[in-house]
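Please load the model in a viewer and keep a selection tool at hand. The tour below moves from one selection to the next and states what is found at each stop.

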Amino acid sequence: MSEREVLELLRENARYSTADIARMTDLEENEVEATIEELEAAGVVRGYQAVVDWDKLEDERVRAEVELNVRLDRETGYADIAERLARFPEVKALRLVSGDYDFDMEVEADSIREVSQFVSEKVAPVPEITQTVTHYVMTSYKENGIELGDGDEDDRLSFSP
Amino acid sequence: MTIELSDRVKAVPPSGIRRFFEIAEERDDVISLGVGEPDFSTPWAARDAAIASLEQGKTSYTANRGMRELREAIADYAADRFDLGYDPAEEIIVTAGASEAVDLAFRAFVDPGDAVAIAQPSYISYEPGVIFAGGEVLSVPTREEDEFRLTVDALEEAGAGDAEMLVLCYPNNPTGAIMREEDLEPIAEFAREHDLTVLSDEIYAELTYDGEHTSIATLEGMRERTIVFNGFSKAHAMTGLRLGYALGPADAIAAMNRIHQYAMLSAPTTAQHAALEALDSCENDVGEMVDQYDRRRQFVLSRFREIGMDVFEAKGAFYCFPEVPDGFTAEEFAEGVLREEGVAVVPGDVFGAGGEGHLRISYATGLGDLREALARIEAFVADHA
Ligand SMILES: Cc1ncc(COP(=O)(O)O)c(C=O)c1O
């Protein structure tokens, strides 16, 4: 139970200090620390990242969602293809999905050119891949459960009953 | 010429919070812990229902007592959730906020000169409501030693046995105190013995963090002398939609409706559609908000202890009620921390007898802001130690 609570809080904000988490969950600080260590060791918590609104930065960062269709043969399974693709640093997320295509891949690079080069030179040539469809991300409104944009304005009266 | 005001209006001074509001307006970096309303938005399902009702042109008056369907949903909810059994036809009235219901009750039951006992510190509208109705306020202070619960001793000491009516608000605004069944039993007995009508404002009932809420109306012999108030402002984050209700014996609700049908005609129709949906499908949203409040509550309580300010262990609503450090009155502290650190809090005196020397801190504010606000309070305390 406390594991779940700690996880929820870390997902809300991985930078909450152990002291803050302890306060919110009524656990001791060392219990929080131990719980987090266990979750990390067990591979439940796989890492911590910042949620970035790239649109707020000057430098361009280009992202695309790529749909992949594959044809499996006797020797190759989805996992084999996934393993091969996941190794590329450009690939930020890779999921096997149901529906019209097989893999859903998130790619990130510095320019549209780089993304398309990556897809055409590194991904498309994989023999089992029969088709790729690239969707460039134009604007992102929400990432990892966090709404992007200006938000944050609290226009309630500063005092109310 | 100036329009001559009624004595009743003259008897009620402007709100004590007004002045603080003006100071707060002068700065643009104020973090407010002075707000008594959720920082969450109304659950989408309820908003969608409101929108759909508008699209379908459902913008006429409803029955005076509220849409039949909504009253039925309220009856089911009150029965399931709090064991309160009321007949939707005659024992429920839907109002423009719990505020209207409270006002109707005072106007329907108070005669000029009647004494109305109010357990304090408490929500700020009861006193003016009694005065506007021509009644007289009898303050019954509750004390931190009793965990801000009302006791029979306090009632006796204040002479509440001679009053006509007793106003309770648990979970309490501003202290966050709750009353459990065993705390309510002796109060109920006192009410029966002295034939008091009880007005029980239970608008924070869902926001009970430790155990279950008990309504005094469920205790023996209390149903016939109690009016229960509730609404959608707090647990369903619907303050601006203005929707509340009262539950009580048929005659009493009929009397309140007699005023309501002339003063208000009916509660806002759009809001009634939102409320119906809120009861039908927003239980999970409420649960999630309650979980968040609970985390913030624990966070805030723990930070105050760390800062070295004594703080009462609030178990309900979304307030906590720390004591101001020595050397300050509540008002001085509130004004100082607002001017010097840009944190808005409400001095406890505003809430009546028993609130002196305390601050009301609302944690209906995001955790990031809470953390910053508490750091600023800590700095203020350190500067003036
Ligand atoms: C105890 C209490 N009762 C009633 C209200 C007002 O509720 P409504 O918005 O339903 O009028 C408040 C609002 O702060 C409150 O704290």
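**First stop: a helix in chain B**

Select E182(B), which belongs to helix α8 of chain B, residues 181-193; helices (H or I, at least four residues) and strands (E, at least two) are DSSP runs, numbered from the N terminus. The model is predicted: local features need pLDDT of at least 70, side-chain atom pairs count only at pLDDT 80 or more, and totals for chains, interfaces and linings use all residues. Residues are numbered from 1 along each chain as its sequence is written, chains are lettered from A and ligands numbered from 1 in the order in which they are written, and side-chain values use heavy atoms, with hydrogens and water left out.

E182(B) counts as exposed, at 56% relative accessibility. Here buried means under 20% relative accessible area, exposed over 50%, and partly exposed in between (1.4 Å probe, protein chains only). Add T214(B) to the selection: the C-alpha atoms of E182(B) and T214(B) are 9.7 Å apart, while the two residues are separated by 32 residues in sequence.

**A salt bridge within chain B**

Next, display D210(B) and R180(B), whose side chains form a salt bridge with an N to O distance of 3.6 Å. A salt bridge is a side-chain nitrogen of Lys or Arg within 4 Å of a carboxyl oxygen of Asp or Glu. D210(B) is in the loop between β6 (197-201) and β7 (226-231) of chain B, and R180(B) is in the loop between β5 (165-169) and α8 of chain B, so the pair ties together parts that are 30 residues apart in sequence. Both residues are partly exposed, D210(B) with a relative accessible area of 34% and R180(B) with 28%.

**Chain B as a whole**

Now select the entire chain B, which has 13 helices and 12 strands. The C-alpha atoms of chain B occupy a box of roughly 60 × 55 × 50 Å along the principal axes. Its radius of gyration is 21 Å, in agreement with the value near 21 Å for a compact globule of 385 residues; the radius is taken over C-alpha atoms, and the globule rule is 2.2 Å times the number of residues to the power 0.38. Of the 385 residues in chain B, 57% are buried.

**Between the chains**

Show R295(B) together with E8(A): these residues form a salt bridge in which the closest N and O atoms are 2.8 Å apart. R295(B) lies in helix α11 (residues 283-307) of chain B and E8(A) in helix α1 of chain A, so the pair joins two chains. Is R295(B) buried or exposed? R295(B) is buried, with a relative accessible area of 8%, whereas E8(A) is partly exposed at 38%.

Then select D20(A), R23(A), R303(B), E306(B), R371(B) and E378(B), which are linked in a network of salt bridges. Over all chains, the structure holds 35 salt bridges.

**Chain A as a whole**

Turn to chain A, which contains 5 helices and 6 strands. Along the sequence, these elements follow the pattern α-α-α-β-α-β-β-α-β-β-β. Chain A has a radius of gyration of 21 Å, well over the 15 Å that the globule rule gives for 161 residues, so it is more spread out than a compact globule. Its C-alpha atoms fill a box of roughly 60 × 40 × 30 Å, taken along the principal axes, and 33% of the 161 residues count as buried.

**Surface patches and a further pair in chain A**

Where does negative charge gather on the surface? Select E3(A), D26(A), E28(A), E29(A), E31(A), E33(A), E37(A), E38(A) and E40(A), which form a patch of negative charge. Helix α3 (residues 29-41) of chain A gives the most to this patch, with 6 residues. E3(A) is in helix α1 (residues 2-12) of chain A and is partly exposed, with a relative accessible area of 38%.

Patches are made of residues with over 30% relative accessible area and no salt bridge, with like charges joined within 9 Å and nonpolar side chains (Val, Leu, Ile, Met, Phe, Trp, Tyr) within 5 Å. Asp and Glu count as negative and Lys and Arg as positive, while His and the chain ends are not counted; the place of a charge is NZ of Lys, CZ of Arg, CG of Asp or CD of Glu.

Select L72(A), Y78(A) and L96(A) for a nonpolar surface patch with about 260 Å² of accessible area together; accessible areas come from the Shrake-Rupley method with a 1.4 Å probe. Y78(A) is in helix α4 (residues 78-86) of chain A and is partly exposed at 32%.

Finally, select D53(A) and K56(A), a salt bridge with its closest N and O atoms 3.8 Å apart. D53(A) is buried, with a relative accessible area of 16%, whereas K56(A) counts as exposed at 52%.
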